[in-house]
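Me: I have one chain on screen and some time to go through it. Start with the charged side chains, then we can move around.

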Amino acid sequence: MLPTPREKEDICLMLLDVDGVLNYRDFDGTLSIEHLLRLKKIINCTDCVIVLSTSWRRIPSAKNELFRQLSSPQIGIDINKSIIGDNPNYGNMSIFRGY
């Protein structure tokens, strides 16, 4: 007997970049509280989940800092619930150029 197919689940997905989105101007390592709170509002209003598509995903210390700031008491985003993964890293992207 074949298993019954699962019903498709609608999902709201956000591809999140950091540079120029959560930080701007003279960046000193601290993300914009205003923009982080907007992100939290978007997550809460849409029930979206996040895939990191930022270069920060490839630098462990930057990714840890991003997670630290997102989950800080002032912002309070549940990163274990909200962030579901990263975009893959294809290096020089030559697979898309056909050579």
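**Charged pairs**

Reply: Arg 68 and Glu 65 are 3 residues apart in helix H2, so about one helical turn separates them. Their side chains meet in a salt bridge, with N to O at 2.6 Å. A salt bridge here is a side-chain nitrogen of Lys or Arg within 4 Å of a carboxyl oxygen of Asp or Glu.

Me: What should I know about the model and the numbering?

Reply: It is a predicted model, in which local features need pLDDT of at least 70 and side-chain atom pairs count only at pLDDT 80 or more, while totals for chains, interfaces and linings use all residues. Numbering starts from 1 along each chain as its sequence is written, and side-chain values use heavy atoms, with hydrogens and water left out.

Me: Is Glu 65 buried, exposed or partly exposed?

Reply: Glu 65 counts as partly exposed because its relative accessible area is 23%. The cut-offs are under 20% for buried and over 50% for exposed, with partly exposed in between (1.4 Å probe, protein chains only).

Me: Which other side chain does Glu 65 have a polar contact with?

Reply: Gln 69, at 2.6 Å. A polar contact is a pair of N or O atoms within 3.5 Å; within protein, one must be able to donate a hydrogen and the other to accept it, and residues adjacent in sequence count only if both atoms are side-chain atoms. Glu 65 also has its C-alpha atom 9.6 Å from that of Leu 31, which is 34 residues away along the chain.

Me: How many salt bridges are there in the structure?

Reply: There are 3. Arg 38 forms one with Glu 34, the closest N and O atoms being 2.5 Å apart. Both residues lie in helix H1, 4 residues apart, about one turn of the helix. Arg 38 is partly exposed because its relative accessible area is 45%, and Glu 34 counts as partly exposed because its value is 44%.

Me: And what does Lys 63 form a salt bridge with?

Reply: Asp 86, at 2.7 Å from N to O. This pair links distant parts of the chain, with Lys 63 in helix H2 and Asp 86 in strand S3, 23 residues apart. Asp 86 counts as partly exposed because its relative accessibility is 32%.

Me: Arg 57 caught my eye. Where does Arg 57 lie?

Reply: Arg 57 is in the loop between strand S2 (49-52) and helix H2 (60-70). Arg 57 is buried yet has no salt bridge, and the nearest side chain of opposite charge, Asp 86, is 5.5 Å away. Charge is assigned as positive for Lys and Arg and negative for Asp and Glu; His and the chain ends are not counted.

Me: What lies around Arg 57?

Reply: Neighbours within four places in sequence aside, Arg 57 is in contact with Leu 52, Lys 63, Asp 86, Asn 87, Pro 88 and Asn 89. Contact means heavy atoms within 4.5 Å. A polar atom of the Arg 57 side chain also lies 2.9 Å from the backbone oxygen of Thr 54.

Me: Changing topic: what pattern does the chain follow along the sequence?

Reply: The pattern is β-α-β-α-α-β-α, with 4 helices and 3 strands. Helices (H or I, at least four residues) and strands (E, at least two) are DSSP runs, numbered from the N terminus. Of the 99 residues in the chain, 30% are buried.

Me: In what order do the strands form the sheet?

Reply: The order is S1-S2-S3, in an open sheet with parallel pairing. The edge strands, each pairing on one side only, are S1 (13-16) and S3 (83-86). Two strands pair if DSSP finds at least two bridges between them.

Me: How many bridges join S1 to S2?

Reply: 4 bridges join them. Among the partners, Leu 13 goes with Val 49 in S2, and Met 14 goes with Ile 50 in S2.

Me: Which residues are on the covered face of S1?

Reply: Met 14 and Leu 16; Leu 13 and Leu 15 make up the uncovered face.

Me: Last one. What is the phi of Asp 47?

Reply: Asp 47 has a positive phi of about 55 degrees, although it is not a glycine. Asp 47 lies in the loop between helix H1 (33-46) and S2, and it counts as exposed because its relative accessibility is 56%.
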